[in-house]
Amino acid sequence: MGRDSVPADRFSRRRALRLAGGGLTLAVLAVGAAGCREDGSEVGGSGGSGDGASGGDKATTGGAGKDGAGKDGAGKDGQAPEPLWTKTTSALTYGDNDELVAAGGVVIASGEPLAALNATSGKEQWSLKDGAVPGAPMLLGKGTLYLASAGYDGTVAGYDPASGKETWRSHLGKEYRQPRPIAADDEQLYVVAEILEADGSSKTNVIAALNSTTGRLAWKEQRDLGTEENGIHAQVQGRHLVYTDFKKNLTVRDTATGKQVWTHRTTKTNYGFFAVYKDLVIVPQGPKLQAFSLADGSAKWSVETAESYVAFKEPAVLDDVLHIADSDRTLRALDPRTGKKIWQSDSLADAKLTVPRQYVKAGGLLYAATALDEQGGVIAIDPKTGAVRWTFNDKSGDYHAWLVATDGKHVFALHGTKLHALPV
């Protein structure tokens, strides 16, 4: 069984740059594939947060009536509801799911300055200069918002989401550079950082755990030569820290010691997205969806698409149901314990909508965010059947991916610098 590194493979250059972040300036690129463009990203166009009284920018909602939201957040005749508010923000995102968070009565989009908007009114509640590294995740753990320092001073800090006040800070050490949070639980924050050479260069990196109360180092483990500190997706489940990277590794470590429990080389890459449910990690690998035991890496179940050229996309487990779409726009709800089908829907294809890439659940609906603007946006889906209820699109033509987050009372949709609060 291989260790933490394997030879690099080819992947989307744009996706890699977007997830790498670190202040890179990206050009908007158009890529044709199967008659559909890949999602694009751009940096810039920052605007100040609008005032709640003045209302900021009004959204176009795909023909929603002025009577507001009806049952399950829907407007009249199944059309999208009008936003409660829309603001132009300082958002500077690279399309990753953890660049929009909702907690403590506020919603925060990664940007400069980092601004928290009141969930109900959209008014700015607090802002933080040099608060977040572009492209680095914003993580929530034990009521704390964890950020890598945009000052690139080797620190990571924790903040109270409601007030923006710093509550925690840690420094990995002068021999390490640019520590970035990758996952958090109630006890520890997990980071990856470059190991500095004598000449200031870096060829290797370290993964470490920091105590979320004291900030002290709990453990650190050097990763293999050739591994990268960018493009990592991670989750914590009990004693297991699970993460993937662009080199098609799936790795599990013990959260108490940092020791590697097992690692697999995956046959395909989905840019590292996976789902964790109880004692399983569920990984899309092209036309196959596989579940592995967190304890020992043994295969537990698998599901395949109807055709070998059709690939599974990003998965999400919400309320004990695994939701996943494929590149043929078939949406499935599966039992995450067994992989057995709960329902399967062609409603996305029938409506000619873009494949979802992120999911949240609020009220009585499943909300899915897509990559492309013209054929997507935020799609409201019946969680019992997979039927499309309505689609929200701001008609801005912005090529940033859509991001969604929820506080249970609202669904927040970020598209470029436009942040919309939708009623639930």
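This is a short talk about the protein chain shown above, and the model is a predicted one.

Hi everyone, let's begin with the whole chain. It has 424 residues, and 56% of them are buried. As for secondary structure, the count is two helices and 34 strands. The chain exposes about 17,400 Å², with 47% of that coming from carbon and sulfur atoms. And here is one for contacts: if you take those between residues at least 6 apart in sequence, 48% join residues at least 24 apart.

Now please find one sheet with me. Four strands form this open sheet, in the order S4-S5-S6-S7, and the pairing is antiparallel. Which strands sit at the edges? They are strand S4, residues 100-103, and S7, each of which pairs on one side only. On average, neighbouring strands in this sheet are turned by 20 degrees against each other, ignoring direction.

Let's zoom in on S5 and S6. These two run antiparallel, and four bridges join them. If you'd like a residue to click on, try valine 107: its bridge partner in S6 is leucine 117.

Next, salt bridges. How many are there in the count? The count comes to nine. I'll show you three of them.

Our starting pair is glutamate 112 and lysine 129, whose side chains meet in a salt bridge at 4.0 Å, N to O. Glutamate 112 is in the loop between strand S5 (106-109) and strand S6 (114-118), while lysine 129 is in the loop between strand S7 (124-128) and strand S8 (139-141), so the pair ties together parts that are 17 residues apart in sequence. What about the surroundings? Glutamate 112 is partly exposed, at a relative accessible area of 30%, whereas lysine 129 counts as exposed, at 65%.

Moving along the chain, arginine 332 makes a salt bridge with aspartate 326, and their closest N and O atoms are 2.8 Å apart. Are these two residues buried or exposed? Both arginine 332 and aspartate 326 are buried.

The last pair is arginine 337 with aspartate 335, a salt bridge whose closest N and O atoms are 2.9 Å apart. Here the partners differ in their surroundings. Arginine 337 is exposed, with a relative accessible area of 55%. Aspartate 335 counts as buried, because its 15% relative accessibility falls under the 20% cut-off.

So, when you open the model, start with the S4-S5-S6-S7 sheet, and then look for glutamate 112 and lysine 129 and their salt bridge. Thanks for listening!

Terms used. Residues numbered from 1 in each chain as written. Predicted model: local features only at pLDDT ≥ 70, side-chain atom pairs only at ≥ 80, totals over all residues. Heavy atoms only, no water. Buried < 20%, exposed > 50% of the residue type's maximum accessible area, 1.4 Å probe, protein only. Contact = heavy atoms within 4.5 Å. Areas by Shrake-Rupley, 256 points an atom, 1.4 Å probe, with all protein chains shown as cover. Pairing = 2+ DSSP bridges. Axes fitted to C-alpha atoms, helices over the stretch in contact; angles between N-to-C directions.
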